[in-house]
Amino acid sequence: MSDEVILNDWNPSEETLLRWAFDENLLLSDQDEDLILHREEYLPLLISIAGESTCPKAGYILSCLDFYLMFLILRGTDAHLAVVKEGARLAAEGRTQEVVEWGRLQERRLKYRKGIGPVSKSEALLMGQELLNGISRQALISVVHETDEKWEVELSVQPFHRHKERLSISKGSGCFEYSR
C-alpha cells in the first residue's frame with residue numbers, strides 16, 4: 001500500500017507548493033504533474049526551492065522548469081522570452097551551483113534564439129545539445145543534413161528513435177527554426 005497523497009490541485013497556492021516540495025509522498029496530480037509547474041508566477045518560488053539542499057524534489061523541480069523554459073525558447077514569443085530572461089535572472093541569485101549553472105544555460109539559450117553569428121558543425125551540435133536536451137532530458141543529438149546555408153540538427157530518443165525534434169540552423173547567422 002502506498003503512502004502517496006494525490007492533491008489533484010491544478011492551481012496550487014505557494015503554501016501548497018512548499019508543502020508538496022518537501023513531502024516526497026505528496027503529489028499535485030497523478031498525471032502530468034510537471035505541467036502544473038509551468039507557470040510564470042511560480043518561477044520565483046520554484047527556483048528558490050530548487051536551491052534548497054534539504055528539498056527532496058529540488059532536482060525534479062529544476063528539471064520541470066528546464067523543460068518549461070526550453071520550449072518557451074524553442075517556440076515562444078517575445079513575451080515568453082521575457083519569462084526565460086526572468087528565470088535566468090532569478091537563477092543567477094541561486095543558493096546552489098546547480099541552480100546558478102542552470103541560469104547560465106537559460107542565458108545561452110536566449111543568445112541562441114537571437115542568433116550567434118557564423119556556426120560551425122561543432123557549434124551546431126552544441127546548440128542542439130543545449131537547446132534540445134539541457135538538464136531535463138538527454139537524448140542523441142546529431143547533424144543529419146547539411147546544405148551550403150544550414151545545418152540540420154536532430155534529437156532522437158532511444159531506444160526506437162521514433163520521437164524526433166529538429167533545429168534548422170543558419171550557418172551564417174546562427175538563427176534556428178525548431179520543428180517536431
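**Entry 1: Arg 109**

I began with Arg 109, which I found in helix α6, the run of residues 97–114, and I note at once that I am reading a predicted model. I asked myself whether Arg 109 is buried or exposed. Its relative accessibility is 0%, so Arg 109 counts as buried. I then looked up what Arg 109 touches once its neighbours within four places in sequence are left aside, and I wrote down Asp 66, Met 70, Ile 73, Glu 130, Leu 131, Asn 133 and Gly 134. I also checked Arg 109 against Leu 74: the two are 35 residues apart in sequence, while their C-alpha atoms lie 8.9 Å apart in space.

**Entry 2: the nonpolar core**

Leu 74 came up again when I turned to the largest nonpolar core, which has 50 residues and in which Ile 61, Leu 74, Leu 167, Ile 169 and Phe 176 have the most contacts. Helix α4 gives the most to this core, with twelve residues. I followed Leu 167 further and, setting aside its neighbours within four places in sequence, I found it in contact with residues including Leu 74, Met 127, Leu 131, Trp 151, Val 153, Phe 176 and Tyr 178.

**Entry 3: aromatic pairs**

How many aromatic pairs does the count come to? I noted three aromatic pairs. Phe 67 and Phe 71 form one that is edge-to-face, with 4.9 Å from centre to centre and 70 degrees between the planes. I put this pair as edge-to-face because planes over 60 degrees apart are classed that way. Both residues belong to helix α4, residues 58–75, and because they are four residues apart there, about one helical turn separates them. I recorded their accessibility separately: Phe 67, at 28% relative accessibility, counts as partly exposed, whereas Phe 71, with a relative accessible area of 11%, is buried. Ring pairs also link Phe 67 and Phe 71 with Tyr 178 into a cluster.

**Entry 4: Lys 171 and Trp 151**

Last, I looked at Trp 151, and I asked which residue lies over its face. I found Lys 171 there, at 4.3 Å from the ring centre. I placed Lys 171 in the loop between β5 (164–170) and β6 (176–179). Although Lys 171 sits in that loop, its relative accessibility is 17%, so I entered it as buried, the cut-off being under 20%. Apart from its neighbours within four places in sequence, Lys 171 is in contact with Gly 117, Pro 118 and Val 119, and also with Glu 146, Thr 147, Asp 148, Glu 149, Lys 150 and Trp 151.

Notes. Residues are numbered from 1 along each chain as its sequence is written. This is a predicted model: local features need pLDDT of at least 70, side-chain atom pairs count only at pLDDT 80 or more; totals for chains, interfaces and linings use all residues. Side-chain values use heavy atoms; hydrogens and water are left out. Rings of Phe, Tyr and Trp (its six-membered ring) pair if their centres lie within 6.5 Å; planes under 30 degrees apart count as stacked, over 60 as edge-to-face and the rest as tilted. Helices (H or I, at least four residues) and strands (E, at least two) are DSSP runs, numbered from the N terminus. Buried means under 20% relative accessible area, exposed over 50%, partly exposed in between (1.4 Å probe, protein chains only). A charge sits over a ring if NZ of Lys or CZ of Arg is within 6 Å of the ring centre and within 35 degrees of the ring normal. Contact means heavy atoms within 4.5 Å. A nonpolar core is a set of buried Ala, Val, Leu, Ile, Met, Phe, Trp, Tyr and Cys residues joined through side-chain atoms within 4.5 Å.
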